[in-house]
Amino acid sequence: MNFYDCDWNYLPQISNLAYPSNSNIQDKKPEQLKEMLELAKILSNDFKFVRVDLYPNKAGIILGELTFIPGGGIIFYKDDGDLKIGEMLDL
């Protein structure tokens, strides 16, 4: 499992303990990333925190789910990953 920011920069410090090993192969940037980010902003607009799962495919963009407590609240991130995620919240 790999984590990326909105500009598709790889974020190795946010690998979580449930999936402790980042892949040695970085994922290819989705061709629909811009559209996916726009949809995620619309879908998350009313919430302080929500994970929006979107999946690109040849037919378009598929919504997987909106997740308010990723990992059931028991996933912790290594090093300063929790801090980095917390800094992304606009509280």
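Biologist: Where is the place of tryptophan 8?

Modeller: Happy to start there, and please keep in mind that this is a predicted model. Tryptophan 8 has a positive phi of about 65°, although it is not a glycine. At 23% relative accessibility, tryptophan 8 counts as partly exposed. Its place along the chain is in the segment before H1.

Biologist: Which pattern does the protein follow when read along the sequence?

Modeller: The secondary structure comes to two helices and two strands. Strands E1 and E2 form a hairpin, with two residues between them. Read along the sequence, the protein follows the pattern α-β-β-α.

Biologist: Over how many bridges do strand E1 and E2 pair?

Modeller: Strand E1 covers residues 51-57, and strand E2 covers residues 60-67. One place to look is arginine 51, which stands opposite threonine 67 in E2. The two strands pair in the antiparallel sense, and the number of bridges is seven.

Biologist: Is threonine 67 buried or exposed?

Modeller: Threonine 67 lies in strand E2. Leaving out residues up to four places away in sequence, threonine 67 touches Phe49, Val50, Arg51 and Asp53. Its relative accessible area is 11%, and buried means under 20%. Threonine 67 is therefore buried.

Biologist: With which side chain does the side chain of threonine 67 make a polar contact?

Modeller: The partner lies in strand E2 and is partly exposed, with a relative accessible area of 39%. The polar contact spans 3.0 Å, and the partner is glutamate 65.

Biologist: Which residues do the salt bridges join into one network?

Modeller: A search of the whole structure finds two salt bridges. In one, aspartate 53 pairs with arginine 51, their closest N and O atoms being 2.7 Å apart; in the other, glutamate 65 pairs with arginine 51, with 3.1 Å between the closest N and O atoms. Salt bridges that share partners make one network of Arg51, Asp53 and Glu65.

Biologist: How many residues apart in sequence are the parts that glutamate 65 and arginine 51 tie together?

Modeller: The salt bridge of glutamate 65 and arginine 51 has its closest N and O atoms 3.1 Å apart. Glutamate 65 lies in strand E2 and arginine 51 in strand E1, so the pair ties together parts whose separation in sequence is 14 residues.

Biologist: Is aspartate 53 buried or exposed?

Modeller: Its salt-bridge partner, arginine 51, is partly exposed, at a relative accessible area of 32%. Aspartate 53 has a relative accessible area of 12%, and the cut-off is under 20%, so aspartate 53 is buried.

Biologist: Which element gives the largest share of the nonpolar patch?

Modeller: The patch covers about 710 Å² of surface and is made by Leu39, Ile42, Leu43, Phe47, Leu63, Leu66, Phe68 and Ile69. The elements that give two or more residues to the patch are helix H1 (33-44) and E2. Leucine 39 lies in helix H1 and is partly exposed, with a relative accessible area of 35%. The largest share, three residues, comes from H1.

Biologist: What distance separates the C-alpha atoms of methionine 1 and serine 23?

Modeller: Methionine 1 is found in the segment before H1, and at 45% relative accessibility it counts as partly exposed. Methionine 1 and serine 23 are 22 residues apart along the chain, and their C-alpha atoms are separated by 6.3 Å.

Biologist: What percentage of the residues of the protein count as buried?

Modeller: For the protein as a whole, the exposed area is about 6900 Å², and carbon and sulfur atoms supply 56% of it. Of the 91 residues, the share that count as buried is 20%.

Definitions and conventions: Residues numbered from 1 in each chain as written. Predicted model: local features only at pLDDT ≥ 70, side-chain atom pairs only at ≥ 80, totals over all residues. Heavy atoms only, no water. Helix = DSSP H or I, 4+ residues; strand = E, 2+ residues; numbered from the N terminus. Buried < 20%, exposed > 50% of the residue type's maximum accessible area, 1.4 Å probe, protein only. Polar contact = N/O pair within 3.5 Å; in protein donor to acceptor, adjacent residues only side chain to side chain. Contact = heavy atoms within 4.5 Å. Patch = residues over 30% accessible without salt bridge, like charges linked within 9 Å, V, L, I, M, F, W, Y side chains within 5 Å. Areas by Shrake-Rupley, 256 points an atom, 1.4 Å probe, with all protein chains shown as cover. Salt bridge = Lys/Arg side-chain N within 4 Å of Asp/Glu carboxyl O. Pairing = 2+ DSSP bridges.
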